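Work through the exercises below with the structure in view. Each task is followed by a solution in steps.

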Amino acid sequence: MKKAAFKRDTGAVYTIDLTKIDGDGAFPCPRCGVTISPDDESDEIYEIVDTVVRDTELAELVLHCKKCGSIIRLVGFLQLSEL
């Protein structure tokens, strides 16, 4: 029997506001500290589990940290697009 691709942690869901991140958009996982970077295309550190679109613009991404199992909501895309 094949195991699930990831096991969801029953702990907290973390929210990160992208408008408060300096630099290239990379940030540490709030729980385990592993660096989550938008440039990482390996799918080894995290995976996108959901996207929220308002009208035609990305509003939120929901990520799963593969190291610790945390769920991370990335918000602030709409504010960044207004800049």
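**Exercise 1. Find the bridge partners of Ile 48 and Tyr 46 in β5, then describe how the two strands are joined.**

Step 1. Ile 48 has Leu 63 as its bridge partner in β5. Strands here are DSSP runs of E with at least two residues, helices are runs of H or I with at least four residues, and both are numbered from the N terminus.

Step 2. Opposite Tyr 46 stands Cys 65 of β5.

Step 3. β4 and β5 run antiparallel to each other and are paired over eight bridges. Two strands count as paired if DSSP finds at least two bridges between them.

Step 4. The two strands make a hairpin with two residues between them.

A note on the model: it is predicted, and local features need pLDDT of at least 70, side-chain atom pairs count only at pLDDT 80 or more, while totals for chains, interfaces and linings use all residues. Residues are numbered from 1 along each chain as its sequence is written, and side-chain values use heavy atoms, with hydrogens and water left out.

**Exercise 2. Place these strands in the whole chain.**

Step 1. Count the elements: there are six strands and one helix.

Step 2. Read them from the N terminus, which gives the order β-β-β-β-β-β-α.

Step 3. Of the 83 residues in the chain, 29% are buried. Buried means under 20% relative accessible area, exposed means over 50%, and partly exposed lies in between (1.4 Å probe, protein chains only).

Step 4. Among contacts with a separation of 6 or more, 37% join residues 24 or more positions apart. A contact means heavy atoms within 4.5 Å.

**Exercise 3. Follow β5 to its other partner and state whether β5 is enclosed or open.**

Step 1. β5 also pairs with β6, in the antiparallel sense, over five bridges.

Step 2. His 64 has Ile 71 as its bridge partner in β6.

Step 3. Five residues lie between the strands of this hairpin, and Gly 69 there has a positive phi near 90 degrees.

Step 4. Seven of the nine residues of β5 are buried, so the strand is largely enclosed by the rest of the structure.

**Exercise 4. Compare the surroundings of Ser 70 and Cys 29.**

Step 1. Ser 70 sits in the loop between β5 and β6 (71-75). Its relative accessibility is 2%, so Ser 70 is buried.

Step 2. Apart from neighbours within four places in sequence, the contacts of Ser 70 are Tyr 14, Cys 29, Arg 31, Leu 63, His 64 and Cys 65.

Step 3. Cys 29 belongs to the loop between β2 (27-28) and β3. Cys 29 counts as buried because its relative accessibility is 4%.

Step 4. Residues up to four places away aside, Cys 29 touches Val 34, Ile 36, Cys 65, Cys 68, Ser 70 and Ile 72.

Step 5. Cys 29 and Tyr 14 are 15 residues apart along the chain, and their C-alpha atoms are separated by 8.9 Å.

**Exercise 5. Which phi values do Asp 43 and Asp 55 have, and how exposed are these residues?**

Step 1. Recall the background: most residues other than glycine have a negative phi.

Step 2. Asp 43 is not a glycine, yet its phi is positive, at about 65 degrees. Asp 43 lies in the loop between β3 (35-36) and β4, and it is partly exposed, with a relative accessible area of 42%.

Step 3. Asp 55 is not a glycine either, and has a positive phi of about 60 degrees. Asp 55 is in the loop between β4 and β5; its relative accessibility is 80%, so Asp 55 is exposed.

**Exercise 6. Describe the lining of the largest pocket by element and by class.**

Step 1. β4 (46-54), β5 (57-65) and α1 (77-82) each give at least two residues to the lining.

Step 2. By class, the lining of the largest pocket has twelve nonpolar, three polar and no charged residues. Ala, Val, Leu, Ile, Met, Phe, Trp, Tyr, Cys and Pro count as nonpolar, Asp, Glu, Lys and Arg as charged, and the others, Gly among them, as polar.
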